[in-house]
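User: I'd like to learn how to read a fold one feature at a time. Could you walk me through an example?

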Amino acid sequence: LKLQFLYLIGCNAHKLDRTMPVAVSGGGALAPVGLDMVLERTAAKQPLGMRLGEQCEVRQVRPESPAARAGMFAGVRVTEVDGVAVASLEDAKAADGGALRVQVRVEYDGGALQRGR
C-alpha cells in the first residue's frame, strides 16, 4: 500500500487526471495513510495553491502552484503544517507562517485516489 501511494505522489499532478484504486490484499479495511510533503514557494507569503475545506480536506489544487509541484491532490486531509497539528481551515491558516518551505503532513483514509488539477 505504501509503495502504491508514494508512486501516485511522485506523478505530475497537473498532467494526470484519473482515478487510481488503492487496495489491500486479503480484503482488509484500509488504514489511514500519512505522508509528509514539502511545499516550496518562490516568494514568501505566496499562496500555496490548494483550496481546503473546513476540516482541512484538499478540495482543489491549482496547476503550477507550490502544492501541485509537491504532488498534492484533492481527496487528502492536511493534518499538520510545519509540525503543528491542524483540524480546521482556521488552524491551517494560523500554522502557515508564509515561509519559503512549508512541511505539510497529509492523510488519506482509503478508497480510490482522485488527483486534483
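User: Let's start with a single residue. Is Val38 buried, partly exposed or exposed?

Analyst: The general idea is to compare relative accessible area with two cut-offs: buried is under 20%, exposed is over 50%, and partly exposed is in between. Val38 has a relative accessibility of 30%, so it counts as partly exposed. Keep in mind that this is a predicted model. As for its place in the fold, Val38 sits in strand S2.

User: Which residues is Val38 in contact with, once its neighbours within four places in sequence are left aside?

Analyst: Here you look for partners that the chain brings in from elsewhere. For Val38 they are Ala70, Arg101, Val102 and Gln103. You can also check C-alpha distances: Val38 and Ala67 are 29 residues apart along the chain, and their C-alpha atoms are separated by 8.6 Å.

User: Okay, zoom out for me. How many helices and strands are there in the protein chain?

Analyst: Three helices and eight strands. Reading along the sequence, you get α-β-β-β-β-α-β-β-α-β-β. The chain has 117 residues, and 40% of them count as buried. Its accessible surface is about 6500 Å², with 53% of that belonging to carbon and sulfur atoms.

User: What share of the contacts with a separation of 6 or more comes from residues 24 or more positions apart?

Analyst: That share is 66% in this protein chain. Strand pairing is a good place to see such partners, so to speak, in the flesh.

User: Then let's do the sheet. In what order do the four strands of the open sheet come?

Analyst: When you read a sheet, go by the order in space rather than the order in sequence. Here the order is S2-S7-S5-S6, with antiparallel pairing. The edges are strand S2 (33-40) and strand S6 (84-85), each of which pairs on one side only.

User: How many bridges link S2 and S7?

Analyst: Eight, in the antiparallel sense. To pin down the register, pick one bridge pair: Met37 has Val104 in S7 as its partner.

User: Is Val104 buried or exposed?

Analyst: Val104 counts as buried because its relative accessible area is 1%, and the cut-off is under 20%. The contacts of Val104 beyond four places in sequence are Leu35, Asp36, Met37, Leu39, Met72, Val78 and Glu80. There is a C-alpha distance to look at too: Val104 and Val81 are 23 residues apart in sequence and 4.7 Å apart in space.

User: Asp36 is on that list of contacts. Is Asp36 buried, partly exposed or exposed?

Analyst: Partly exposed, with a relative accessible area of 39%. Asp36 has its place in strand S2, and beyond four places in sequence it is in contact with Gln103, Val104 and Arg105. From Asp36 to Gln103 the C-alpha distance is 6.9 Å, although they are 67 residues apart in sequence.

User: What about a hairpin? How many residues lie between the strands S3 and S4?

Analyst: For a hairpin, look at the pairing and then at the turn. Strand S3 (residues 50-52) and strand S4 (residues 58-61) run antiparallel and are joined by three bridges. Leu52 stands opposite Val58 in S4. Between the strands there are five residues, and Cys56 takes a positive phi near 65°.

User: Which residues does Ser88 contact, leaving aside its neighbours within four places in sequence?

Analyst: Glu54 and Cys56, so that hairpin residue turns up again. Ser88 itself lies in the loop between S6 and H3. It is buried, with a relative accessible area of 17%.

User: Last one: pockets. Which element gives the most to the lining of the largest pocket?

Analyst: With a pocket, take volume, then lining, then chemistry. The volume here is about 240 Å³. There are 13 lining residues, and Leu48, Leu52, Ala92, Lys93 and Asp96 lie nearest the centre. H3 gives the most, with three residues. S3, strand S5 (77-81), helix H3 (89-95) and strand S7 (101-108) each supply at least two. By type, the lining has 10 nonpolar residues, one polar and two charged.

Technical notes: Residues are numbered from 1 along each chain as its sequence is written. This is a predicted model: local features need pLDDT of at least 70, side-chain atom pairs count only at pLDDT 80 or more; totals for chains, interfaces and linings use all residues. Side-chain values use heavy atoms; hydrogens and water are left out. Buried means under 20% relative accessible area, exposed over 50%, partly exposed in between (1.4 Å probe, protein chains only). Contact means heavy atoms within 4.5 Å. Accessible areas come from the Shrake-Rupley method with a 1.4 Å probe; for residues, only the protein chains shown count as cover. Two strands pair if DSSP finds at least two bridges between them. On a 1 Å grid over the protein atoms alone, a cavity is a set of points where a 1.4 Å probe fits but cannot get out, and a pocket is an open set with protein on both sides within 12 Å along at least five of seven lines; lining residues have an atom within 4 Å of a point. Grid points are joined across faces, edges and corners, and a volume is the space filled by probe spheres set on the points. Ala, Val, Leu, Ile, Met, Phe, Trp, Tyr, Cys and Pro count as nonpolar, Asp, Glu, Lys and Arg as charged, and the others, Gly among them, as polar.
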